[in-house]
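New to this one? Here's a quick briefing to read alongside the sequence and the 3D view.

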Amino acid sequence: QVQLVESGGGLVQAGGSLRLSCAASGSIFSSNAMGWYRQAPGQQRELVATITTDGRTNYADSVKGRFTISRDNAKNTVILQMNSLKPEDTAVYYCDAQIIDSGGSYYRHFWGQGTQVTVSS
């Protein structure tokens, strides 16, 4: 069984920074892209940033230049460094990983439980 555990959310003033971490554990045979998504109240979940195993990144236009995604392949962890935070960044942030678990034969998406990020003005 694969689990993704997130940490690092919280309350911060506009212009501040937060660092989110996500660690995948369990019966992992192989991992592919990992990333972060967010969902604000009353809105659909949206992509924030993704990163492949070879370090290629993709960012939502709204966070380019402010957020940085990185990963440690050996530890199956992904980090989201968020700087210059804005009130509109307020949302629940979810970690996502494409993983083949033991006994599996194709990549499946696994999700974390979500961590709240609140940016006050």
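Which residue in β6 does Thr-50 stand opposite? Thr-50 faces Asn-58 there. Keep in mind while you browse that this is a predicted model. The protein chain has eleven strands and zero helices, and the points below take you from the whole chain down to a few residues worth clicking on.

**The whole chain**

- Read from the N terminus, the elements go β-β-β-β-β-β-β-β-β-β-β.
- The radius of gyration is 14 Å, close to the 14 Å that the globule rule gives for 121 residues, so the protein chain is as compact as a globular protein of that length.
- Along its principal axes, the C-alpha trace spans about 50 × 25 × 20 Å.
- Of the 121 residues in the protein chain, 43% are buried.
- Take the contacts between residues at least 6 apart in sequence: 57% of them join residues at least 24 apart.

**The four-stranded sheet**

- One open sheet has four strands in the order β1-β3-β8-β7, and the pairing is antiparallel.
- β1 and β7 sit at the edges with a single partner strand each, so one side of each has no neighbour in the sheet.
- On average, neighbouring strands of this sheet are turned by 15° against each other, direction ignored.
- β1 and β3 are joined antiparallel by six bridges, and Glu-6 stands opposite Cys-22 in β3.
- β3 and β8 also pair in the antiparallel sense, over six bridges.
- Two spots to look up in that β3 and β8 pairing: Arg-19 has Gln-81 in β8 as its bridge partner, and Ala-23 has Thr-77 in β8.

**Two hairpins, one after the other**

- β4 (residues 28-39) and β5 (residues 46-51) run antiparallel over five bridges, with Met-34 bridging to Ile-51 in β5.
- These two strands make a hairpin with six residues between them, and Gly-42 in the turn has a positive phi of about 75°.
- β5 then pairs with β6 (residues 57-59), again in the antiparallel sense, over three bridges.
- That makes another hairpin, with five residues between β5 and β6; here Gly-55 in the turn has a positive phi of about 90°.
- The Thr-50 and Asn-58 pair from the opening question belongs to this part of the model.

**The nonpolar core**

- In soluble globular proteins, nonpolar side chains tend to be buried together.
- In this model, the largest nonpolar core has 30 residues, and those with the most contacts inside it are Leu-4, Trp-36, Leu-80, Met-82 and Tyr-93.
- At least two residues of this core come from each of β1 (2-7), β3 (18-26), β4, β5, β7 (67-72), β8 (77-82), β9 (91-101) and β11 (115-120).
- β9 gives the largest share of the core, five residues.

**Two core residues up close**

- Leu-4 is part of strand β1, and its relative accessibility of 7% means that Leu-4 counts as buried.
- Not counting residues up to four places away in sequence, Leu-4 touches Cys-22, Ala-23, Ala-24, Cys-95, Asp-96, Ala-97, Ile-99, Phe-110, Trp-111, Gly-112 and Gln-113.
- Leu-4 and Ser-21 are 17 residues apart in sequence, and their C-alpha atoms are 10.0 Å apart in space.
- Leu-80 has a list of its own: beyond its neighbours within four places in sequence, its contacts include Trp-36, Val-48, Phe-67, Ile-69 and Tyr-93.

**A buried polar residue: Ser-31**

- Ser-31 lies in strand β4.
- Is Ser-31 buried or exposed? Its relative accessibility is 16%, and because buried means under 20%, Ser-31 counts as buried.
- The Ser-31 side chain makes a polar contact of 3.1 Å with the side chain of Asn-76, and another of 3.5 Å with that of Arg-71.
- Setting aside neighbours within four places in sequence, Ser-31 is in contact with Thr-53, Arg-71, Asn-76, Gln-98, Ile-99 and Tyr-107.

Conventions. Residues numbered from 1 in each chain as written. Predicted model: local features only at pLDDT ≥ 70, side-chain atom pairs only at ≥ 80, totals over all residues. Heavy atoms only, no water. Buried < 20%, exposed > 50% of the residue type's maximum accessible area, 1.4 Å probe, protein only. Polar contact = N/O pair within 3.5 Å; in protein donor to acceptor, adjacent residues only side chain to side chain. Contact = heavy atoms within 4.5 Å. Pairing = 2+ DSSP bridges. Core = buried A, V, L, I, M, F, W, Y, C linked by side-chain atoms within 4.5 Å. Axes fitted to C-alpha atoms, helices over the stretch in contact; angles between N-to-C directions. Rg over C-alpha atoms; globule rule 2.2 N^0.38 Å.
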